[in-house]
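Reader: Please take a close look at how strands are paired in this model, and then set that part in its surroundings. A connected account in prose would serve me best.

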Amino acid sequence: MTQETVAAPSDAVLDREETISRDELEALQLSRLQHTLAYAYDRVPLYKRKFDEAGVHPTDLRELSDLGKFPFTTKEDLRLEYPFGMFAVPQHEVARIHASSGTTGRATVVGYTKQDLADWAKLVARSLRASGVRPGMKVHNAYGYGLFTGGLGAHAGAEALGCTVIPISGGQTERQITLIQDFEPDVILSTPTYLLTIADAMVKQGIDPASTSLKYAVLGAEPWTEEMRHELEVTMNIKACDIYGLSEVMGPGVAGEAVETQDGSHIWEDHFRPEIIDAFNPAVGVDSVLGDGEHGELVFTSLTKEALPIIRYRTKDLTRLLPGTARPAHRRMGRITGRSDDMIILRGVNLFPSQIEEIALRIPELSPHFQLELTRPEGQRMDQLTVRIERRESVTPEGSAAAARTLTEQIKIHVGSSCTVDVVDPGSLERSNGKLRRIYDMRPKA
């Protein structure tokens, strides 16, 4: 296929907060942070209890670095307060409720006032605009609707920006393709692996994925690599940018990537204060916060939320903070290398699915479709990792065997652990309809 360059649109009018200096932004953060700590302490019993137990009071925050004195919030805290114990406003002021799926435990529930929803829509619109989306564009929204924050959050932001939204939601891949061909959208919103699913299905139908009307993709809800970006951009002739968020902090739009730089998502620090901590040795204290550029777990404190203020929420996402570029005052997130709860410890070596993706997509014979299977053979004490990965359509059995050897060697070199690689036929592995499951733990339960 012929790859044409999709140009970034001419610049748009930015929000005032996107253009202020770092000093102005930090002064705004300090004022909002002092208010948020007092607000949460007075209105959310969990925070009054946690602050009192830690021996801190909202008045102890006199400068931004003092935030490190305050206790963390975890997903378990939200589960223990299920369903509405974290809400800081009476029920009649809650305009909408979202919740996690609860597949790994009790669901976490979040709420929004009307002002929260307006702020959320504004920040999603800001993120989309940064990624190349402009008023009047048609936006194909393939994020899931319902209690998941992705669909409705992205929808409201696209409407706030002045776009025409096509609310298809996730799944129904053949219908997705039909609507992309018939409605001719400019933009698609989805997870990166589901966009890959759509592209593969187009090829099977005899449609060139690069021939559609799509120019921009704004992708999130799961970690993805630069190699995956390249795969999608070349396959579909688009510009692909990241959008970051999580329901406990707000939803999509906490951070967004600029199309002109594509160098990581700028965190909208007028609404959120980020920190990086040691994911595996966390401690409360000013000295426990890592410096910009250091790799660790991302922690967020909300600065403007009314229904559910969140203080030092441990996201479990592993990344680092970098200076702003396209939005100089707002720091960027480096690529998320994985989640602390997705880390595989294989014979003493830490391994993340994104590492396998990065290595595999450098091998031309291999596709981006893979699964990681963890087993412990009977009678053995050591775990075994099998990487099941699809070959490209044109690859011969001999090419598959050579690619398997190469991937095995590269994982050993770059990750430091041995594994088995099983190269399978195209279409053999499960496809994403939203968030893709990469890890299959088949070890015997203790």
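Author: Two strands are taken to pair if DSSP finds at least two bridges between them. The model is a predicted one. Strand E10 and strand E11 (residues 296-302) run antiparallel and are joined by six bridges, so they count as a pair under the requirement of at least two bridges. One position in this pairing is Ile276, which stands opposite Leu298 in E11. Helix H2 (residues 22-43) packs on the sheet, where it touches E10 and E11, and its direction makes about 90° with that of E10. The pair belongs to an open sheet of four strands with antiparallel pairing, in the order E10-E11-E12-E15. At its edges are strand E10 (272-277) and strand E15 (338-339), each of which pairs on one side only.

As background, strands of a sheet pair through backbone hydrogen bonds, in either a parallel or an antiparallel sense. Another sheet is open and has four strands, but its pairing is mixed; the order is E20-E19-E18-E21. Strand E20 (420-424) and strand E21 (439-441) form the edges, each pairing on one side only. Neighbouring strands in this mixed sheet are turned against each other by 20° on average, direction ignored. Within it, strand E18 (residues 366-375) pairs with strand E19 (residues 384-391) in the antiparallel sense, over seven bridges. Leu374 has Leu385 in E19 as its bridge partner. Helix H10 (residues 353-360) lies across E18, E19 and E21, and runs at about 145° to E18.

A parallel pairing is found elsewhere, where four bridges join strand E6 (residues 216-219) to E7. Tyr216 has Lys239 as its bridge partner in E7. Strand E7 (residues 239-246) is mostly covered, with six of its eight residues buried.

Strand E18 leads on to a pocket by way of Ser367, which has its place in that strand. Why is Ser367 classed as buried? Its relative accessibility is 5%, and buried means under 20%, so Ser367 falls in that class. The side chain of Ser367 reaches the backbone nitrogen of His369 at 3.1 Å. Leaving aside residues up to four places away in sequence, Ser367 touches Leu361, Ile389, Glu390, Arg391 and Arg392.

The second largest pocket holds about 400 Å³ of space. It is lined by 19 residues, and the closest to its centre are Asp200, Val203, Ser367, Arg392 and Glu393. Helix H8 (192-204), helix H9 (226-236), E18 and E19 are the elements that give two or more residues to this lining. Helix H8 contributes the largest share, five residues.

Lys204 also has its place in helix H8. Its relative accessibility is 64%, and the exposed class begins over 50%, so Lys204 counts as exposed. Lys204 and Val56 are separated by 148 residues in sequence and by 60 Å in space, C-alpha to C-alpha.

Enclosed space is a separate matter. Rolling a probe the size of a water molecule over the atoms shows where empty space is left. The count of cavities of 30 Å³ or more comes to four. About 70 Å³ lies in the largest cavity. The residues lining the largest cavity include Phe272, together with Tyr112, Trp120, Met250 and His271. Helix H5 (residues 114-130) gives the most to this lining, with four residues.

A few backbone details complete the account. Most residues other than glycine have a negative phi, and most peptide bonds are trans. The peptide bond that joins Tyr82 and Pro83 is cis, with omega at about 0°. Pro83 lies in the loop between helix H4 (75-80) and strand E1 (96-99). Gln172 has a positive phi of about 50° although it is not a glycine, and its place is in the loop between strand E4 (164-166) and helix H7 (173-183). Gln262, again a residue other than glycine, has a positive phi near 45°. Gln262 lies in the loop between strand E8 (251-257) and strand E9 (265-267). At 16% relative accessibility, Gln262 counts as buried, because the limit for that class is under 20%.

Note on methods
Residues are numbered from 1 along each chain as its sequence is written. This is a predicted model: local features need pLDDT of at least 70, side-chain atom pairs count only at pLDDT 80 or more; totals for chains, interfaces and linings use all residues. Side-chain values use heavy atoms; hydrogens and water are left out. Axes are lines fitted to C-alpha atoms, for helices over the stretch in contact, and angles run from 0 to 180 degrees between N-to-C directions. Contact means heavy atoms within 4.5 Å. Buried means under 20% relative accessible area, exposed over 50%, partly exposed in between (1.4 Å probe, protein chains only). A polar contact is a pair of N or O atoms within 3.5 Å; within protein, one must be able to donate a hydrogen and the other to accept it, and residues adjacent in sequence count only if both atoms are side-chain atoms. On a 1 Å grid over the protein atoms alone, a cavity is a set of points where a 1.4 Å probe fits but cannot get out, and a pocket is an open set with protein on both sides within 12 Å along at least five of seven lines; lining residues have an atom within 4 Å of a point. Grid points are joined across faces, edges and corners, and a volume is the space filled by probe spheres set on the points.
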